[in-house]
Amino acid sequence: MVKPRVIKSGKSGWKPVSIDTSAFTPTDLQGLAGIEELTDYSIKGTRVSKKPVRKSDKDKNDKTSAQVKNGVEKKKKPKRRRKKKKVKTLLKESATEVSSEATEDPSPVEIQPEDSAHCGADVHQQDDSDEPLLQMSSWNGLGVPQILLRALADKSFTYPTKIQALTLPPAIFGRRDILGAAETGSGKTLAFGLPILNGIIQLKKDKLKSEEVEIVPEEISENDDDKDDCNNEESGDGNFEECAFSDNDEESDGNEGSIKDDIGSDEDGESDHSNDPENDSEGEGSNYDDFNGTAQCVKVVDNIDFNFPILGKVKSTSKSRYTPKPLYALILTPTRELAVQISQHLKVAAKYTDIAVSVVVGGLAVQKQERLLNRGPEIVVATPGRLWELIQEGHPHLSQVDTLRYLAIDETDRMLEKGHFEELQKILEKINENDAHKPKRQNFVFSATLTMTHEPPRYVMKKNGKKKGQAPAARFTPAQKLASIMKTVGLTDPKIVDITDSSGVAQKLTEAQIVCSFEEKDHYLYYFLQRHPGRTLVFCNSIEAVRRLSQLFTILGCTPWPLHAKMHQKQRLKNLERFCADPKGVLLATDVAARGLDIPNVQHVIHYQTPRTAEGYVHRSGRTARAQQEGLTVLLMEPSEVSTSTRLFRTLGRDSSLPTFPVDTQWMASVKQRVDLARRVDKLELQARRVNTEHGWFDKLVKEMDLEISDDELPTSYSRDGANKVKKQATALKKQLTVLLSKPLIPKGFSSKYPTQTGKLVVPLFPGSIPPNKESYQQSAVQVLKQSVEDQKALKRKINSEKSKRNKRKKRLRKQEVAEGTEAPESSGEEDGGEDKSE
């Protein structure tokens, strides 16, 4: 086996390492004499490492040679391969390491970087069949490599979306910055993810070619057949040099040529071959013959006092274990859930590569995320808050943000809003500090409402209008908005791709509204969830509204999953997973779930409260009708929200209001009875919790003070009987509600057919009212709304036709009256003339 050999320059090359003694306790320094390091050394040649021959092996070899001489050849038994013990070293990994692939051919040995060992190669076993790639002909000409197309084929992404087809060629072939705007659910993640992955593959290939170094080997000894058996578990003998830098591919952990971070020995703590004469003959530097020529060496020297000046501090354990690797790409998102989703999509696309992706978000342990960053991922997906926190702490991997090759910002308009994400401004300033590297970076800016602008607030318009010589504030134009984004991010000559519709929402999205009072919103929401079961996402403007609805609809037996910013991150992800797994799930969320989340098969989106901005309405509604599927969004609007909705739709370029969602009002009495009873239960339970909290504080204080208080001495607000009374009332109402919920909203067998104004017979479709195998029962909410709209249009046409007929009839009658009126005077004149003649 060919191994590089390190030749030292002598003892003068060893230099002491400064240690901060204040960072240790006296017990930590017990037994430590000092540390020196060697930095001045070079690779002079190669040698063939020899295994020391044990006495038992020597006797066996003598017997075997004697048998061969006598003409009797003993059949060799197949040697069983033993697992090698994990030996740690104190060597610090460098950027390049010697490949551990064993070879007996005297061809040059290549030194490869660890992160490029499988660059651009399929690290998984691939099938020779290219049948999946034959279906990916629609991706031809876009520049996506086959290694990424194979992963896309596994997920049946057989054709690119419109935004992908328009952005991939200029991003991959022209390496231009991309500024893209497309409707929700149009595939924007892969529009910037595929160019980033393709670029990293090319960078790693180029790095591999530039760092190739040849080492001329010597001849390999023919008697080195047993070189892999350095750790013999039976005898305990082993060669430290052989084990620490074994070239056995079968027992490597997947990283070729990797050197362990720490050093370790056998259980007794001593090397079994330390007194071997063959090792002693190698001289003083024999213990370093297996070094690859790029790592630093550490030597422990005894009997040295700590009387040298302290020059630096010892690094923390977590950062000292960092594996130096380049950080190629950074992707910034406004929410944690979106960051997790983007990382999952990138991992799917990079399935057959060795590109690592890590997530850095708040709400999770910092230490765990530091450990992930210590592995040196090529791509980091992060939210601005936690990312800036780790940058300030000085993590070595994130110190490379000023030398990024790719930067992507998703939902850019939201992240660059004034007053939001102050950390993002600091991150962008740090990224753009390196002016020399700025032209080498490729930037991606995407959002569904990137070019959407709206009127300034009224108070701003009035304030500016009062000033002399100053015109009132005008709407921010799309060109001005894009120019501001380009300046802030640092884009240079970007390719602008805007395929958003004039309405701002997906083409297959059906919109409707229900105008009601604030107290009736709960009734209509419960009616919709019972009438149209399916995966439904309910948006609220406040966390308090989410909590109240979660408690209320849990009492009603709907099992909703809340999601808001004050929840723990693990609970947020768990609720999101449960919602995705339930085809009839209900998710109650704030705007934290409004942007970017790709939740599969969301059928309905309900705005329990009117969004404050047009962007919020577009992104909320974009959680449904994704990937060319139909979806429904319903706006529950009270009279006080009419002005907000009018301004909202004016921003979207609409003048007419939304169609009204059809509601069977004759069944609202039963719905109202259940919801009102649930409200009473919720109110009593809240009152009981408050009483328990107050009594618990008082009882705990009395117990700690070891007091005995009679009933006469209790405070006026303290009443044990009152608390029990509230609990009994709540229990009684719960039983009553349980009885109501056990019955169907409409009894079975009840005929509820009624004629409409169009002359058709319509059956209200409630669970339990008719058998579920009926075709009409399976009619979706979108179909019900479309049918209602068609019925309204037909009714309107019928009314207009009848009105036109009435108008025509009136006109005809007027004409007849006018004609009769003109004929009457003429007849009367003729009669007068006849009378004159007779006279």
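**Helix 21, strand 14 and a helix pair**

N692 is found in helix 21, which spans residues 668–705. The model described here is predicted. N692 has a relative accessible area of 37% and is therefore partly exposed, since that class lies between the 20% limit for buried and the 50% limit for exposed. In sequence, N692 and A723 are separated by 31 residues, while their C-alpha atoms are 7.5 Å apart in space.

A second position to look at is S447, which lies in strand 14, residues 442–447. S447 has a relative accessible area of 0%, so it counts as buried, the cut-off being under 20%. The side chain of S447 makes a polar contact with the side chain of D413, at 2.7 Å. D413 also belongs to the set of residues in contact with S447 once neighbours within four places in sequence are left aside. That set further contains G180, A181, A182 and K188, along with E411, T412, R595 and H619.

The last part concerns two packed helices. Such a pair is described by the angle between the helix axes and the distance between those axes. Helix 9 (residues 336–349) packs against helix 18 (residues 569–581) at an angle of about 60°, and their axes are 11 Å apart. The two helices are therefore oblique to each other, because an angle has to reach 65 degrees to count as roughly perpendicular and fall under 35 degrees to count as roughly parallel. The crossing of helix 9 past helix 18 is right-handed. On the helix 9 side the contact involves R336, E337 and V340, which meet Q569, R572, L573 and L576 of helix 18. By class, the residues of this contact are three nonpolar, one polar and three charged.

Conventions:
Residues numbered from 1 in each chain as written. Predicted model: local features only at pLDDT ≥ 70, side-chain atom pairs only at ≥ 80, totals over all residues. Heavy atoms only, no water. Axes fitted to C-alpha atoms, helices over the stretch in contact; angles between N-to-C directions. Helix = DSSP H or I, 4+ residues; strand = E, 2+ residues; numbered from the N terminus. Parallel < 35°, antiparallel > 145°, perpendicular 65-115°, else oblique. Left-handed = near helix turned anticlockwise from the far one by under 90°. Contact = heavy atoms within 4.5 Å. Nonpolar A, V, L, I, M, F, W, Y, C, P; charged D, E, K, R; others polar. Buried < 20%, exposed > 50% of the residue type's maximum accessible area, 1.4 Å probe, protein only. Polar contact = N/O pair within 3.5 Å; in protein donor to acceptor, adjacent residues only side chain to side chain.
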